[in-house]
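User: Could you take a close look at chain B for me, and at how its strands fit together? I'm in my first year, so please explain the terms as you go.

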Amino acid sequence: MHTPLRSLRWCFFACLAGLFCLTAAAQTAAPAAPTTDERLAALEAYVNNGDPGKALTGVAGPGHNGWMMTSAALVLFMTLPGLALFYGGLVRKKNVLSVLAQCLGITGLVTLLWWAFGYSLVFGSNFNSPFLGGTEYFFLKGVTSAPNTNYAYWVSQNVFAMYQLMFAIITPALIVGAIAERMKFNAIIAFVTVWMFVVYFPLAHMVWGSTGYMNGVWNGDAHIPAIDFAGGTVVHMSSGWSALLLCLILGPRVGFGKDKMAPHSMVLCMVGTGMLWVGWYGFNAGSAVAADGIAANAFTTTTLATAVAAFTWGAIERLFRGHASILGFCSGAVAGLVVITPACGFVDSTGAVIIGVLAAVVPYLACTKLKAAFGYDDALDTFGVHAVGGTLGALVTGFLATASVNANLTGAPAVKNGLAKLVTDGGLWLAQLKAISLTLVLAVVSTVVIAYILKAVIGLRPTEEVERQGLDINEHGEEGYVS
Amino acid sequence: MKLIIAIIKPFKLEEVKTALAEVGVEGMTVTEVKGFGRQKGHTEIYRGSEYTVDFLPKVKIEIGVADEVVAKAVGAIVKAAKTGKIGDGKVFVTPVEEVVRIRTDERGEAAL
């Protein structure tokens, strides 16, 4: 029977239940709704490239993300076609395609390695090791558009992974210059495959990984509190020193010292140099992993050092040889870019100009005097420009770095590992010297071991007949210029 | 009939062509060639590497002329191509046995 009293009782229970549900909902929803202050702080963090807190987790910031996608494309542009044309113009006509093929082949190969293991071994963390990253990002598993806050608050992790991939591509491609015109394509591919695992991945983690052995700026537990903004040690020293050893093990080109081995197209070489310079803005300014003030400073120092080095190299030639050559200007520009690389985010404009002058003088002497004295056939001067320039840059950074352009040099991790003290009191160059030595030993020893094993197993050089005829026809079945 | 072969500095080609036209020479064959005489080669330096280049670029002009034109044509070439510096080139004159104009099958001086 339906009485009014019973209806009233039902009504009361229903209201109680509703009220309960409402409070429960309010309790679960409360943390998901940030206050206006928190939301404002998150937006300020976006502008300052800082931690957005809970109000904006898992979201990439459009400006920073946009700059990093642009930078990644610029760094790829350095290899394809920048470096390919720079090197391609410097070889003889019969070998121009072999250089292009090597750059393209390395791009494809390293991309596969990076996707499968490389990114994780460099930027993973589950090994908790100063020498290698971890396994959690194998096959880019879990690498999404959400930022990895170990490295950047506002950049999608997939963008960060692609950006870093471009560095992994250009580094082994630089080696090609020293061994140009005389190494079998399959031997190069095999060498690079092993070299990436033994030299590049560990070294990149040591310098840039959050638990890295010599990541002075970001790892409070770094054993060597050294700094390397965009890859003086990781990219240029590692490739340059490896290139020298590989070039020595291979021996000189057939006819070296007797035949004319002049560049077949200084025009292509100059075009490539211009592309390298433009692309290098992504390399250096992009290494801030944000579109912030540090990136702006790196952009400025990169411009100054490169222009000064190009002009100085040309001037040295004009003074001591009578002609300022195109190859001189190009070499100066590339040397300037190489030497400013580790320093660009840590030095001011005066430091950049000093670096520009040094970048011309020291590699010039390496490419002309040192090479002539020892007689090694560093075909396109990878050692003279990249190894000497990279080493010089890493060392000079130790003298010219200043916290006035990059507050991270005295940030919390830097205070903990001693970097901050070295920057303010001096002595950073000693830490840099340690990082240089470690890089040098790793690159040299690994290259010797890998090269001799490959030499025994598959052989490194083509036959003399193939070398005389040219690698293009024999290794790739094509000619660069069909008349 | 004679064949005049002149090896000259490439930048003098236009002047030589004009001078030959003025003395009535109506056609010529021009080839880009390389070679050296007393001028020898030159040195190119690419960063640390020096190369001696023996062969310098020159232009070779070939013209077939009637005997009475030879002196004027050679004079015109020498005058126009001369800079007075080493490497100005040479002019060779050789006899020609026969000339055929392919289009009309004309022979001898009529074919020039």
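Analyst: Here is a walk through chain B, followed by a shorter look at its partner chain.

A few ground rules come first: this is a predicted model, in which local features need pLDDT of at least 70, side-chain atom pairs count only at pLDDT 80 or more, and totals for chains, interfaces and linings use all residues. Residues are numbered from 1 along each chain as its sequence is written, while chains are lettered from A and ligands numbered from 1 in the order in which they are written.

How sure is the predictor about chain B? The mean pLDDT of chain B is 93, and 100% of its residues reach 70 or more (pLDDT is the predictor's confidence in each residue, from 0 to 100). Within chain B, β1(B) has the highest confidence, with a mean of 97, and β4(B) the lowest, with a mean of 85. For the model, the scores are ipTM 0.71 and pTM 0.87.

Now the sheet. Chain B has an open sheet of 4 strands, in the order β2-β5-β1-β6, with antiparallel pairing. Helices (H or I, at least four residues) and strands (E, at least two) are DSSP runs, numbered from the N terminus, and two strands pair if DSSP finds at least two bridges between them. At the edges stand β2 (29-35) and β6 (89-95) of chain B, each with a single partner strand, so one side of each has no neighbour in the sheet. From one strand to the next, the twist averages 20° (axes are lines fitted to C-alpha atoms, for helices over the stretch in contact, and angles run from 0 to 180 degrees between N-to-C directions). What holds such strands side by side? Strands of a sheet pair through backbone hydrogen bonds, either parallel or antiparallel.

Zoom in on β1 (residues 2-8) and β5 (residues 56-65) of chain B: 7 bridges join these two antiparallel strands. One bridge to look for involves Ile7(B), whose partner in β5(B) is Lys60(B). Helix α2 (residues 67-81) of chain B lies across β1, β5 and β6 of chain B, and runs at about 5° to β1(B).

There is also a hairpin to find. The strands β3(B) and β4(B) run antiparallel and are joined by 5 bridges. His42(B), for instance, has Val53(B) as its bridge partner in β4(B). This hairpin has 2 residues between the strands, and Arg47(B) takes a positive phi near 50° there.

The hairpin strands come up again where the chains meet. 7 residues of chain B are in contact with 12 residues of chain A (two residues are in contact if their C-beta atoms, placed from the backbone, lie within 7 Å). On the side of chain B that touches chain A, β3 (42-46) and β4 (49-53) of chain B each supply at least two residues. The largest share of that side, 3 residues, comes from β3(B). Sorted by class, the side of chain B that touches chain A has 3 nonpolar, 2 polar and 2 charged residues. Here Ala, Val, Leu, Ile, Met, Phe, Trp, Tyr, Cys and Pro count as nonpolar, Asp, Glu, Lys and Arg as charged, and the others, Gly among them, as polar.

What about the partner? Chain A has 17 helices and 0 strands, and its C-alpha trace spans about 115 × 50 × 40 Å along its principal axes. Of the 483 residues in chain A, 54% are buried (a residue is buried if 20 or more other C-beta atoms lie within 10 Å of its own, exposed if 12 or fewer, and partly exposed in between, with C-beta atoms placed from the backbone).

That brings us to the cores. A nonpolar core is a set of buried Ala, Val, Leu, Ile, Met, Phe, Trp, Tyr and Cys residues joined through C-beta atoms within 7 Å. The largest one has 160 residues, and among the members that touch the most others are Tyr87(A), Ile170(A) and Ala243(A). A second, separate core has 15 residues, including Ile8(B), Leu20(B), Ile63(B) and Val69(B).

One last stop in chain A: a cis peptide bond joins Leu80(A) and Pro81(A), with omega about 5°. You'll find Pro81(A) in helix α3 (residues 62-90) of chain A.
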